[in-house]
Amino acid sequence: FTQQIGTRAFAGALDTPRPDQWYGARFEERKGLLTLTAKGTSPAEARARAVRLLDVAQNYLRDRVAVAATANLTSALSQTTLDLRAAEGSLQEVQSLLKTVAQGAGTSPPAVAAALEAQKIDPQAARSAYPAWAFLTIQEAGLKAQLAQARVRAQILDGVLKDPALLSRLVGQALQVQGLAPPAEPLRQSQPRPALYTGFASLVGLMAGVFAAFLRDAVRAGA
């Protein structure tokens, strides 16, 4: 916003072709403070412009956060969809394997159970009489849980993206724009200083005249 204020991007919103002549913005990164300034030909005009600038800044920040939030939600929805498809594929493979392995009751031999547990296989599966079937059953349950979570997450993300009002409320909760100080007049008004400017111009003109005289004498002497 501090960079845009010096361009014509806000000319329409601020009702002036040159916003930089009447408005200013400075952001203190360490404090997280945005300082806005406005000028006017009278205190009332300056205050009205300050209120307008504050409103434009708040709308601009909300719009930028909304755009970023929409992009992040869209990306999250795409990733969730990919995760959902991957989990569905893995579940189909596990269920296909389950049809080919034996199942039953009992316990696995201690040596086999120890070896499987050493490979970080779930102890419940490693100690069963049919480790392969038990392991695949646990994997199936885990994948079903992942699918349920992914479906719910996808529904929520899709619902937020399709509901502008809900997205606006979320943005409002995430972005807390608070004016720490209301628009106020400075103690000393900003105004032209004709006497100072006239004196400065006279001094510059005198120095230019002296320099021109020396230069003319130097050219004549050289000739």
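What share of the contacts in the chain with a separation of 6 or more comes from residues 24 or more positions apart? In this predicted model, such residues account for 54% of those contacts. The chain has 223 residues, and buried residues make up 18% of them. Its accessible surface comes to about 16,200 Å². Carbon and sulfur atoms hold 58% of that surface.

The chain contains eight helices and two strands. Read from the N terminus, the order is α-α-β-β-α-α-α-α-α-α. Two helices thus precede the strands, and six follow them.

The two strands were examined next. Strand β1 covers residues 23–28, and strand β2 covers residues 33–38. They pair in the antiparallel sense, over six bridges. One of the bridge partners can be named: G24 is matched with T37 in β2. The hairpin of β1 and β2 has four residues between the strands. In this hairpin, G32 takes a positive phi near 70 degrees. In a regular strand, side chains alternate between the two faces of the sheet.

Aromatic contacts come next. A pair of aromatic rings is described by the distance of the centres and the angle of the planes. The structure holds one aromatic pair. Its members are F10 and Y60, with ring centres 5.4 Å apart. Their planes stand at 80 degrees, and an angle over 60 degrees counts as edge-to-face, so the pair is edge-to-face. The pair links distant parts of the chain. F10 lies in the segment before α1 (11–14), while Y60 belongs to helix α3 (residues 43–98). The two residues are 50 residues apart. Their exposure was also computed. F10 is buried, with a relative accessible area of 8%. Y60 has 22% relative accessibility and counts as partly exposed. The limit for buried is under 20%, so Y60 at 22% does not count as buried.

Another ring contact involves a charged residue. R49 lies over the face of W22, at 3.9 Å from the ring centre.

Helix α1 was also inspected. A11 has its place in this helix. At 18% relative accessibility, A11 counts as buried. Leaving aside neighbours within four places in sequence, A11 is in contact with T16, P17 and P19.

Which residues make up the largest nonpolar core? There are nine: L84, A87, L91, V94, L98, L136, L143, L147 and A150. Helices α3 and α6 (131–161) each supply at least two residues of this core. Helix α3 gives the most, with five residues. A second, separate core has eight residues, including I5, F10, Y23 and A57. F10 therefore appears in this second core as well as in the aromatic pair.

Contacts around the largest core were then listed, again without residues up to four places away in sequence. L91, a member of that core, touches E140, L143, K144 and L147. Of these, L143 and L147 are also core members. E140 is placed in helix α6. Is E140 buried or exposed? E140 is buried, with a relative accessible area of 16%. The cut-off for buried is under 20%, so E140 at 16% falls within it. E140 touches L91, V94, Q95 and L98. Among them, L91, V94 and L98 belong to the largest nonpolar core.

Notes:
Residues numbered from 1 in each chain as written. Heavy atoms only, no water. Buried < 20%, exposed > 50% of the residue type's maximum accessible area, 1.4 Å probe, protein only. Contact = heavy atoms within 4.5 Å. Areas by Shrake-Rupley, 256 points an atom, 1.4 Å probe, with all protein chains shown as cover. Phe/Tyr/Trp six-rings, centres within 6.5 Å; stacked < 30°, edge-to-face > 60°. Lys NZ or Arg CZ within 6 Å of the ring centre and 35° of its normal. Pairing = 2+ DSSP bridges. Core = buried A, V, L, I, M, F, W, Y, C linked by side-chain atoms within 4.5 Å.
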